[in-house]
Structures are given as structure tokens and as C-alpha cells.
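Here's a quick tour for anyone meeting this protein for the first time. Take a look at the sequence and the fold below, and then we'll walk through a couple of spots together.

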Amino acid sequence: MISENDLAKLSYPEAPRMVTEKVPGPISQKLLEDSSQYESLARGAGAFPCVYDEGMGSTVKDPDGNLYIDITAGVAVNSVGRRHPRVIKAIEEQLKKLMHATDMTNTRRIELAARVSGVMPAGLRGRCASYFTQGGSGALETAIKFARRVTGRTQIAAFHGAYHGVWCGSGSLTTGEVYRLGYGPSIPGVIHLPYPYCYRCCFNMQYPDCNLQCAKYVDYVLNTPYTAADDVAVLIIEPQQGEGGYVPPPPGYLEVINAACEKHGALFLADEVQAGTGRTGKMWSIEHSSVQPDMLAWGKGMGGDMPMAGLTLRKNLADKIPEGSQPNTFAGNAVAAATTMTNIDILTENDNALIRRAAELGEEIKGWLLEGAANSRVIGDVRGRGLMIGVEMVKDKETKEPLDADSIGRIVFGLLNRGVIMVPCGRYGNVFRFMPPLTITRDYCQKASEIFLDVVKEM
Ligand SMILES: Cc1ncc(COP(=O)(O)O)c(C=O)c1O
């Protein structure tokens, strides 16, 4: 049983606490100006008006002294919260021994590979190998190359609404104008299929009456002559879509498309970079289905405060990759490896207590949000699993016209001014995501949900 009091000690108390009249305060404003002068604004949050100065658990402070509840967990990264005392201890101990070891192997990295294997879904557990990267884009980039190398095929299937990173290969799988336009041409051979986004079904059908038409469409494309899907090496899917709007697939969907892959001879890759590491109430979001992926990409919440990501694939596939064919200077940094193992320990100890708590707490948060949605004209949908909850904002619940960017921006500012950090996502930028650390207290979740509903109402 996890004690709320113990969890409370991991964060600054008394959040939210605002000391400036509005955000950004004067010190942050000056820093933001310096940032726009010296940093490329191609970075993730573009011109997001908040500067992080200190962080602890589920709370962060800006340089003006404003204290926020962070419902983003650094975009699903700080699964155990920021600067967890056990993580700090593991880092301190590792600092005294070894940090960088180039891409040769090191003790921590070997231990991590074994540890990762031990927490994989049943079909990979104990019979897989990991390739380490510094971020999710690198893991997906690797997946494309490895899948092509082991199958001798060229095509890659991905989904509408997908986000798999931004490098040339991974960025070719990612959808969304902002990431693609002007950066082309993307790599050849990528096919995009419709993701099962039930709230906005592209077949205009309703689950379960639809009979999983969208899954059958994947089977049709992969397994019918003259669809031009001739030699798909791997199908890459987020088992709950992240940047595309926090969209979980309906029950049974993943099983049908996995069977379609088997028929075609394509590998199946679960991209768990955002939805994995316990966030959805299971260690991996694919574990909400019975599918056993051939490859699994992970990142974000595994390293937490330290950059660490990787691609884990069945050992018999890994054995087909030529030795030394993909060096990566910073892969498997010993400090990041030690941190990742500590994160895994914290998340999985006591029979996955924190992960099971994420499932329960998520249901409670959804309950509060659904109650708010019933009285709101602009909350169109509340969905997701565990602490990966999306709240889709609309102008009109009947037409489902997405709420406009100005209104979304006003909500983001309204939240910041009340001490809550939340970032939207989705194809129309209109989905607020609840993705706090798994160590957040119930109390902070309730406060943040109340503030969110208040701000929406005021808007
Ligand atoms: C599902 C998924 N895959 C890959 C990535 C890319 O990860 P990174 O930003 O660490 O390169 C992300 C990032 O948001 C993601 O959500």
C-alpha cells in the first residue's frame, strides 16, 4: 500500500503558489527573450511561456518563485517525479565510478539490458536484446533500419496521427504539418493507415457496431493484391496514441491488425515511448491487449531525469543485425543506465504497486473530469487509461468542431496563472493531457482537475 503522505514528501508542499501577478513573471520574461535570441524555437514547446528553474516530484518552480503542479511530467518523462531521492542517490554513487564509456559496453549498461529484458511483455521477456539510444527518435530510426535489415523488405506501415520522432526516418512516420511541411521529401516506402480514433471515426461508424472496420481495413491493405503494400517490413503503432490526441484503440483492434501483419509477414512494433513505463496502468500499453510485439521502442519515462531510450527486439531478430553496423557514441551512458534501473525498481517494486495505483487514480481523475464534462459545453470527450488521459475540447459537442487555437492558448495561460502546467496535443491541438508523474499525490491531482475545470468554465 503506497502512502499518500510518503508521496507528498517527494514534491514541494503548498503547490500551487503564485508570487507574480501573471505568468511569465519579470525574471522569466527576460529569460524567454534571451531564449528566443539564442535558442532555436524549433524546440518542442515552441514559445511556451514558462521557464523551469527547480523541480521536485510533481512540482516545479520558475525563476520568479512561482510554484506549479506539473501535470505534464515533462511530457510523460518524469514517471517517478523529478529528483526522486533514490534516483539522486543512484546518480551520486555512479558519478564516483563511471559516466561515459563510449559505445563499448559497461557494467551498468549490461545490467540495464538484462533488467529491460525482465520487464518486457511476456513474448519478449528473457528472449530479446536491446539497442540503446538517447531518445525516442533514435529508437524508431533504428527500428526502421533493423526491420529492413532482418526482413529484406522495404516498406514501413504507420498511422495517421502518429508521432514517432523527428529525424529523417522517424519523422517520415510522424504525421502533422508542423513536423513535415518544408522538411521533405520524407523517406520512401512509408504507408500511413487510419488510427482507430473512435471520437472522430474516419469511417463515420460507432464501436462496437462498426465491427472494427478500421482494423479490417488494415488487413485489406496488407493482404489484398494491388493495394501497393507489397513488402511491408514492419507495422509501427502507438498502442495508445500520444501526440495524436491521447487516443486508446478500441478492444480487439490490436489483435486484428497483428493477425494481418502475421498474414503479410510483417513485424509488429509497439512504440511505447510515451504510453509505456507504467503510465497506462500496465508496464506497457500493449499489455492491455493480447498482442506480443516483435519489437518494442521505449524512452521518456524509463530514463526519467536522465536521457535514455532504446529498441528491444526478439533475440532471433537481433542476431541477424551485423556486428558493429550501427555505432552510437553516447549510447548506454552509465549514469543514465543506473538512473533507468532505479526508475524501473521504484515503478515495479511491491508487485507493480505504483503502476497499479496509476490505473486506479486514472479512473478517479476521469470520473472528476467526466463530471465536469457533463456541465461543460466545450469538453467533448474524456478518454485514456491510467495516467494518460486526454480531454478533447470542442466548440460544439454536436458538430465536434475543434476548439480554436486562441481559446486553447487562453486555457493554457489561465492554468499557468493558477499554478498548473498542462500542454495540449492532438491533430487539432485541442486535447489537454493529464500525464502527471506516477508518484503524484491524489490531492495534487484533485486540485489540478478542479483548477482545469474552473479555468475552462471561466473561458
Ligand atoms: C510515441 C513516441 N515515439 C517517439 C517519440 C520521440 O521521442 P524523442 O522526443 O525522445 O526523440 C515520442 C516523443 O514524444 C513519442 O511520443
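Into which domains is the protein divided? This is a predicted model, and it splits into domain 1, made of 4-83 + 353-458, and domain 2, covering 86-346. Measure between their C-alpha centres and you get 26 Å.

So where do the two meet? On one side, 30 residues of domain 1 take part, in contact with 29 residues of domain 2. The elements of domain 1 that supply two or more residues to this side are α12 (334-374), β11 (379-385), β12 (388-393) and β15 (431-434). The top contributor there is α12, with 5 residues. Sorted by class, this side of domain 1 holds 14 nonpolar, 7 polar and 9 charged residues.

Now let's zoom in on strand β3, residues 67-70. Which way do its residues point? Leu67 and Ile69 go one way, Tyr68 and Asp70 go the other, and all of them are buried. That fits a general pattern: in a regular strand, side chains alternate between the two faces of the sheet.

Strand β3 has these pairings:

| Strand paired with β3 | Bridges | Direction | Facing residues |
|---|---|---|---|
| β2 (residues 59-61) | 3 bridges | antiparallel | Lys61 and Leu67 |
| β13 (residues 420-421) | 2 bridges | parallel | Ile69 and Val420 |

The β2 and β3 pair forms a hairpin with 5 residues between the strands. In that hairpin, Gly65 adopts a positive phi near 100°.

Technical notes
Residues numbered from 1 in each chain as written. Predicted model: local features only at pLDDT ≥ 70, side-chain atom pairs only at ≥ 80, totals over all residues. Domains from an automatic or database assignment. Contact = placed C-beta atoms within 7 Å. Helix = DSSP H or I, 4+ residues; strand = E, 2+ residues; numbered from the N terminus. Nonpolar A, V, L, I, M, F, W, Y, C, P; charged D, E, K, R; others polar. Buried ≥ 20, exposed ≤ 12 C-beta atoms within 10 Å, placed from the backbone. Pairing = 2+ DSSP bridges.
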